[in-house]
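Thanks for coming, everyone. Let's take a quick walk through one model. Please have the viewer open.

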Amino acid sequence: MRFGVLGPLAVWTKDGAPVPIPEAKVRALLADLLIHEGRPVPADRLIEDLWGRRLPRNPVATLQTRVSQLRRALEAAEPGGRDLVVWQPPGYRLAVSPDAVDAGRFRVLVERARITEDAQTRKMLLSDALALGRGPAYADVADEEFARSVAVWLDKERITAQGEHALARLDLGEQPSPVDEIGDLVTRHPLCERLRAVYMRALYLAGRQSEALAVYAELRERLADELGVDPGPESAALYERILRQDPGLQATARGSVMVESRVGAALAPEWVSDSAAEAGSVPDSGSGSLSGSGSLSGSGSGSVAFAAASSVPVGLPVALAPLVGRADAVARVRALMARERLVTLTGPGGVGKTALAVEAARDAPPPGADGLPGIEAVGFVDLVELDRATATPADVAATIARELGLAPGVGGEPRLLAAVLASRRLLLVLDTCEHVVDAVATVAEGLLRAVPGLRILATGREPLAVPGERLWPVPPLPVPAPEAAPEDAMGHAAVELFVERVAATVPGFCLDADNAADVATICRRLDGIPLALELAAGRVRGLGVAEVAARLDDRFAIVATSRRAGPTRHRTLRATLDWSWELLSPPEQAVLRRLSVAEGGRRLPDVIEVAGAGGGDLDVVDALTRLVDRSLVAMTIEPGGPRYRLAESVRAYGLDRLCEAGELVGRPAPT
């Protein structure tokens, strides 16, 4: 059985007979499964995609009914068709190979064309790919949220292939010349430098040199007016060659006039599909060539060519020390990134969110990984310097544009940034989002809607709360249990990190029978938080392990070794907690400091009793929920209901704040 998405949704038997799919919701269900290309789609996501906020009375049963209808339609057309719709926890998947879907065949043909030197073969492959199109991708569901980004991306790929097909015909010297065809594409996509280059060469070869020069002049004017940038050096070089009537322009070598994309300090968009504009996400403009760090030749997957690697880091921080105990976490985050467009790493301060994000981003998913567009480049944006009281979405957009090396004017308006990035297949790492979370959420949602090839990996102490976000709470490093034998301590990542960091400043230090118990105590009492362990390790050189362990009752003094470099909020343990505290509202601060009197976990009624102090129950519950979101209170689900607990360092900090507020008198003594 074959499926078509390059146009209205269609299904055919192996003999080519059309298969009718009844009802709009059943067709939408099939489209959703096809978009995920054989990956299971959770039932709750399917329900959200199909009905949104207008849920049926029994959503699960209604979904099962639609699945049954789809299975019956496929079985009626071809024996065994019902088996294509498979239940696989946590949802359903469509068990078909990529070549059974026209979009999969389209990608294979285009990729083959892009690695083929012979222009005639290239033309034939691209002709076959373009012949698969029957209209806009996912035409009957393209306005649905779950289909919009994939539909825009596929339409962009189709238009790119049209330009490459015309280029192949031009290289073959076909008559009539495809000049007018290329000119029509340029009219519809006026800021695409790659098309402009093809058009300029076609006009020149047709003996219309003055028109070719005018095409460049118009490009330069539009880029200046709309984006505040100049044409890229490749376009300028082509202009100069036309001016001097370079004989080399007659050559028909593959890619002889294709604008080469650049990766380095700049990400230079070459294409903005007006499919995105038609979807109401971005204006019908969108790219400018920006100066970069050299050029890369050839034609890569999508509208941009990249060098040998499929993923090119752009500005990722270089790790100064090995990442200890996070191999499994890195693998899990990378797997999540391969199937989700927005992943947010949450956790308390100092738990290692940034280090984990950077390491995971170093191996971004390659083109075609798990059904989503592959990553061509990675950009890292640290938002820590933004003012939490005044930062706006425009400030966030400007910071992103600056860190990606884009022109200064690009970032002043989030919609313009979306237009400039519209053709990118980019992984954007947004670091330290918690203090400007509302502005970041606005920009992230807008970019994800407008830039089909974009994925975002965010870090923060709370979620962005954007549709489609997938959270991955970063856990502390495992610590030895109190009853663990000293010889078992080194098998825990927290101990491994502590020992490695001490050995960096105390040559010859190693874990042995004399210090294992004290090291385990330090790791437990600092909750396995990497930053706290590193700061404590810095004290061992002057005090020794036993003395550091003995003095942890006064942890903010003992773990107060100030780093000379790095973010201010990470230079001491107290500074890390101060940063989180200052982001809380007064009611949230009150609940946190009052909850600090309780050692160990407490159930919700106990929390309300201890933290309420005359306030309403709902007020306490609301503040408690926010504290959980902000990674300051840990919640675990137990048979008797949820239990809430503070990490030991957070509890000690809360007790200090409780004393400052004069609220310790008359309250239960710390236990």
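Start with a definition. A contact here means heavy atoms within 4.5 Å. With that in hand, take the contacts in the chain with a separation of 6 or more: 70% of them join residues 24 or more positions apart. One caution before going on: this is a predicted model.

Now the overall inventory. The chain has 671 residues, and 53% of them are buried. Its secondary structure comes to 26 helices and 14 strands.

Next, the helix pairs. Go to helix H1, residues 24-35, and helix H2, residues 43-51. Their axes come within 10 Å and cross at roughly 130°. That makes H1 oblique to H2, because the angle is not over 145 and not within 65 to 115. The crossing of H1 and H2 is right-handed. Which residues in H1 and H2 meet? On the H1 side, Lys25, Ala28, Leu29, Asp32 and Leu33. On the H2 side, Leu46, Asp49, Leu50 and Trp51. By class, that contact has six nonpolar residues, three charged and no polar ones.

Second pair: helix H4, residues 102-114, and helix H5, residues 119-131. The axes of H4 and H5 are 8 Å apart, and the packing angle is about 165°. An angle over 145 counts as roughly antiparallel. H4 and H5 are therefore roughly antiparallel to each other. The crossing of H4 and H5 is left-handed. H4 brings Phe106, Leu109, Val110, Arg112 and Ala113 to the contact. H5 answers with Arg122, Leu125, Leu126, Asp128, Ala129 and Leu130. The class count for H4 with H5 is eight nonpolar, three charged and no polar.

On to the interior. In soluble globular proteins, nonpolar side chains tend to be buried together. How many residues does the largest nonpolar core have here? It has 72 residues. Those with the most contacts inside that core are Leu345, Leu457, Phe498, Ile522 and Leu592. Apart from that core lies another, of 53 residues. Val67, Leu70, Leu74 and Leu84 are among the residues of this other core.

Back to Leu457. Leave out residues up to four places away in sequence, and leucine 457 touches Val333, Met337, Val343, Leu345 and Ala357. Leucine 457 also touches Leu427, Leu428, Val429 and Leu430.

Strand E9 spans residues 426-431, and leucine 426 is found in it. Is leucine 426 buried or exposed? At 1% relative accessibility, leucine 426 counts as buried. Leucine 426 and glycine 379 are 47 residues apart along the chain, yet their C-alpha atoms are separated by 7.3 Å.

Now helix H24, residues 604-612. Its buried residues are Val607, Ile608, Val610, Ala611 and Gly612. What do the buried residues of H24 pack against? Two helices, H23 (586-595) and H25 (617-629), and two strands, E12 (602-603) and E14 (641-645).

Just past H25 there is a backbone point to check. Serine 631 lies in the loop between H25 and strand E13, residues 634-638. Serine 631 has a positive phi of about 65°, although it is not a glycine. Serine 631 is buried, with a relative accessible area of 15%.

Glutamine 245 also has a positive phi, near 55°, and is a residue other than glycine. Glutamine 245 sits in the loop between helix H10 (233-243) and helix H11 (274-278). With a relative accessible area of 46%, glutamine 245 is partly exposed.

Two more residues, then I'm done. Alanine 319 is in the loop between strand E6 (312-314) and helix H12 (327-339). At 53% relative accessible area, alanine 319 is exposed. The C-alpha atoms of alanine 319 and valine 358 are separated by 8.4 Å, with the two positions 39 residues apart along the chain as the offset.

Last one: glutamate 445, in helix H16, residues 437-450. Glutamate 445 counts as partly exposed, at 26% relative accessibility. Leaving aside neighbours within four places in sequence, glutamate 445 is in contact with Val466 and Pro467. The C-alpha atoms of glutamate 445 and isoleucine 456 are separated by 10.0 Å, and these residues are 11 apart along the chain.

That's the tour.

Notes: Residues are numbered from 1 along each chain as its sequence is written. This is a predicted model: local features need pLDDT of at least 70, side-chain atom pairs count only at pLDDT 80 or more; totals for chains, interfaces and linings use all residues. Side-chain values use heavy atoms; hydrogens and water are left out. Axes are lines fitted to C-alpha atoms, for helices over the stretch in contact, and angles run from 0 to 180 degrees between N-to-C directions. Helices (H or I, at least four residues) and strands (E, at least two) are DSSP runs, numbered from the N terminus. Angles under 35 degrees count as roughly parallel, over 145 as roughly antiparallel, 65 to 115 as roughly perpendicular and the rest as oblique. A crossing is left-handed if the near helix is turned anticlockwise from the far one by less than a right angle, and right-handed if clockwise. Ala, Val, Leu, Ile, Met, Phe, Trp, Tyr, Cys and Pro count as nonpolar, Asp, Glu, Lys and Arg as charged, and the others, Gly among them, as polar. A nonpolar core is a set of buried Ala, Val, Leu, Ile, Met, Phe, Trp, Tyr and Cys residues joined through side-chain atoms within 4.5 Å. Buried means under 20% relative accessible area, exposed over 50%, partly exposed in between (1.4 Å probe, protein chains only).
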